[in-house]
Amino acid sequence: MSARTVIPFGPQHPVLPEPVQLRLTLEEERVVEAIPAIGYVHRGIEKAAELNEWVQNVFLVERICGICSFLHALCYCQGIETLLGVEPPPRARYLRVVWGELHRLHSHHLWLGLLADSFGFESLFMQFWRNREMIMDLLEMTAGNRVIVSTCTVGGTRRDIAQEQASEILRTLDKVQNELDKLLPVISNDYTVRSRTVGKGVLPKDKAIRLGAVGPVLRASGVAQDVRMIGYAAYGELGFTPVVEQAGDAHARLLVRMKETYQAIDLIRQALAHMPEGEIITRVRGNPRGRTISRVEQPRGEVVYYLAGNGTRNLERLRVRTPTFANVPALVQMLPGCELADVPVLVLSIDPCISCTER
Amino acid sequence: MPNMLSNILGNIFARPATRAYPAVRRPPFSGARGHIVFDTKSCGFCGACSRRCPSAAIVINRTDKTLTFDPFRCIICEACVEVCPRKSIAVDSQYRAPAYVKTVEVHTLPAPPEEAPRAAG
Amino acid sequence: MTTGEQPTSALRPATIVPPAQAPARIENLERIPLADLLPRVRAMAAQGARLVTLTCVDMGGAFEVLYHFDLDLQLQHFSAQIPAGDKLPSITSEYLCAFLVENEIADLFGLQVEGLPVDYHNRLMLTEDSSDRPLLRER
């Protein structure tokens, strides 16, 4: 029995772009316990959403997260549409898929780069982030802004994708896929990547479910669960099977996200090919009444909105459960037994988004 | 490492992926949301934009006919553009330059032309 | 809801006319007494359900706590009501992952939770000098 040391990992740490703390209890180099501490950037968005009008909240919930902002707006708008009993037009549902998958694509690129950076693979990091710029340009071209696209609104979308923009998207996606083809062998076979991820932070299937893990973390543990399977927006009409890996380690989570970038490209192509002509927005009248649950698959996993309206311009309650909030307990269970040097990789392997977590 | 080798060699001889920004600027996309511009000539000071603005960046004084706009609060969501009944608000695709000091813009009704002096009372 | 009129922006000020249809409801929502909570949660755990999250709603004098479970993408919800001042039993014995959300509820609503394995003592989200309960309704 060696002496125990407590090391505060974070809130400021080179691999963490956002503040979160893990209090790690170590026996020599080995982690025996990890206690998370969040709350450094809590912004009270759930409260602010009760004070704002429900139409304005679309812009508020987009700012919960800077990476999956469109999907927050989508989840909120779908919830409000249920409360109001409106159905967005078919074209809007396909446009939502395009923007949603562009967001997934750039989010996964961001994460793949950050993971490479966490074990010091700088050139791989640069490659992914260079690729990501092409996708950011697509977002700026179609929506007018790189990150907070603000294209989703209650009843439909606020912008349309013109024919020439659609062909530009397809051209750029070919380039992105071409670059990804060069990086896929690095991700799956490279010695450096494998030695830092294979067998690290194994999360067995039953444990992943019991710990409430969501998204790529859950799918890397062999659970074929993706909220897109319930067929919101136009996903029910597009060919789609969730990406699943069986190993449950950090490398499996890496592979899931890498394959999901290809899946996102494929879904955008499908959505653009099958996009019907027509209106992009339904007229909305009235105020939301009743309550509902809305779910959307974000790059990091399932996001859950609980919305309650009372027939006024303000919502009674808006509750947001973001994917990272659900994955933190899984992370805490992954860490005991690993080496201190592997902690950064494991923390990143759940793709933590702290601003999401704290709202 | 061998997997990345061709990539690295290619990058040595390739042009940089970045731009020498202040010197070389990419023209903005046509629909880019750069900043908000007001046309007070056609503005009716009805206050629709100020009620809809999610970040409370617009304050309208209906008696003085002034519109105070805080560009540092503005999130360029275009909600005011869509809600304006007289289409007096537009989005410019050029981004605003960064600033050291936060300022607000005060827009008033333009002075009436000289040949048509305002009637007394 | 589509009408013959030109579709206009959803950002137009909404009319205050209440919609004709009944208020939306959550499907598979079951109201249960607080005493039944742990046995029901245990039964969900035995079926292999995933705990999605907990939602706390301030009802003025009482709280409604919703437990959301997911079983193969089907949601099941339990709703338990608890008077203000009473202690909510923790479900961490069945679902360890509930410790974060239960601590969050304790922080933001001031609803005390009994039997937490990791208790942040209302300092998960709030700062050391904070004493208010931000999500309580103002009366």
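In this predicted model, Asp72(C) sits in the loop that joins strand 3 to strand 4 of chain C. Its phi is near 50°, a positive value in a residue other than glycine. Asp72(C) is exposed, because its relative accessible area is 67% and the cut-off for exposed is over 50%.

A second residue of this kind occurs in chain B. Lys87(B) is not a glycine, yet has a positive phi of about 55°. Lys87(B) belongs to the loop between helix 3 (79-83) and strand 4 (89-92) of chain B. With a relative accessibility of 58%, Lys87(B) also counts as exposed.

The strands on either side of Asp72(C) take part in the interface with chain A. There, 58 residues of chain C meet 61 residues of chain A. The size of an interface is often given as the accessible area lost when the parts come together. For chain C and chain A, this buried area is about 5,100 Å². Carbon and sulfur atoms account for 58% of that area.

Polar and charged pairs also cross this interface. The salt-bridge rule finds 5 of them between chain C and chain A. One of these joins Arg210(A) to Glu94(C), with the closest N and O atoms 3.5 Å apart. Residue pairs in polar contact number 12, counting pairs with both residues at pLDDT 80 or more. On the side of chain C that touches chain A, two or more residues come from each of strand 1 (29-31), strand 2 (50-58), strand 3 (62-71), strand 4 (74-83) and helix 2 (98-109). Strand 2 of chain C gives the most, with 8 residues.

Glu50(A) gives a local view of chain A meeting chain C. Glu50(A) is part of helix 1 (residues 45-51) of chain A. Glu50(A) is buried, because its relative accessibility is 10% and the cut-off for buried is under 20%. Apart from neighbours within four places in sequence, Glu50(A) contacts four residues of chain A and two of chain C: Asn314(A), Leu315(A), Glu316(A) and Arg317(A), then Leu135(C) and Arg137(C).

Chain A also meets chain B. In this contact, 28 residues of chain A face 22 residues of chain B. Together the two chains bury about 2,100 Å², and 43% of this lies on carbon and sulfur atoms. On the chain A side, Gln56(A), Glu140(A) and Arg158(A) supply 23% of the area buried against chain B, more than any other three residues.

Glu140(A) also forms a salt bridge with Arg26(B), where the closest N and O atoms are 3.0 Å apart. In total, the rule finds 4 salt bridges across the interface of chain A and chain B. A further count gives 15 residue pairs in polar contact, again with both residues at pLDDT 80 or more. Helix 5 and helix 6 of chain A each supply at least two residues to the side that touches chain B. The largest share of that side, 8 residues, comes from helix 5.

Helix 6 of chain A covers residues 163-189 and has 27 residues. From first C-alpha to last, helix 6 reaches 39 Å, close to the 39 Å expected at 1.5 Å a residue. Helix 6 still has a kink of about 35° at Lys182(A), shortly before the proline Pro185(A).

An α-helix has 3.6 residues a turn, so residues three or four places apart point the same way. Buried residues of helix 6 include Ile169(A), Leu173(A), Val176(A), Leu180(A), Leu183(A) and Ile187(A). Gln165(A), Thr172(A), Glu179(A) and Ser188(A) are also among the buried residues. Their cover includes helix 4 (90-118), helix 5 (122-143), helix 7 (191-197) and helix 10 (250-274) of chain A. Helix 1 (2-13) of chain B is part of this cover as well.

Within chain B, His35(B) lies in strand 1 (residues 35-38). His35(B) is buried, because its relative accessible area is 18%, below the 20% cut-off. Not counting residues up to four places away in sequence, His35(B) touches Ile76(B), Ala90(B), Val91(B), Asp92(B), Gln94(B), Tyr95(B) and Arg96(B). The side chain of His35(B) reaches the backbone oxygen of Gln94(B) at 2.8 Å. By contrast, the C-alpha atoms of His35(B) and Phe13(B), 22 residues apart along the chain, are separated by 38 Å.

Note on methods
Residues are numbered from 1 along each chain as its sequence is written. Chains are lettered from A and ligands numbered from 1 in the order in which they are written. This is a predicted model: local features need pLDDT of at least 70, side-chain atom pairs count only at pLDDT 80 or more; totals for chains, interfaces and linings use all residues. Side-chain values use heavy atoms; hydrogens and water are left out. Helices (H or I, at least four residues) and strands (E, at least two) are DSSP runs, numbered from the N terminus. The expected span of a helix is 1.5 Å times one less than its number of residues. The bend at a residue is the angle between axes fitted to the seven residues ending there and the seven starting there. Buried means under 20% relative accessible area, exposed over 50%, partly exposed in between (1.4 Å probe, protein chains only). Contact means heavy atoms within 4.5 Å. Buried area is the accessible area (1.4 Å probe) that two parts lose on being put together, summed over both. A salt bridge is a side-chain nitrogen of Lys or Arg within 4 Å of a carboxyl oxygen of Asp or Glu. A polar contact is a pair of N or O atoms within 3.5 Å; within protein, one must be able to donate a hydrogen and the other to accept it, and residues adjacent in sequence count only if both atoms are side-chain atoms.
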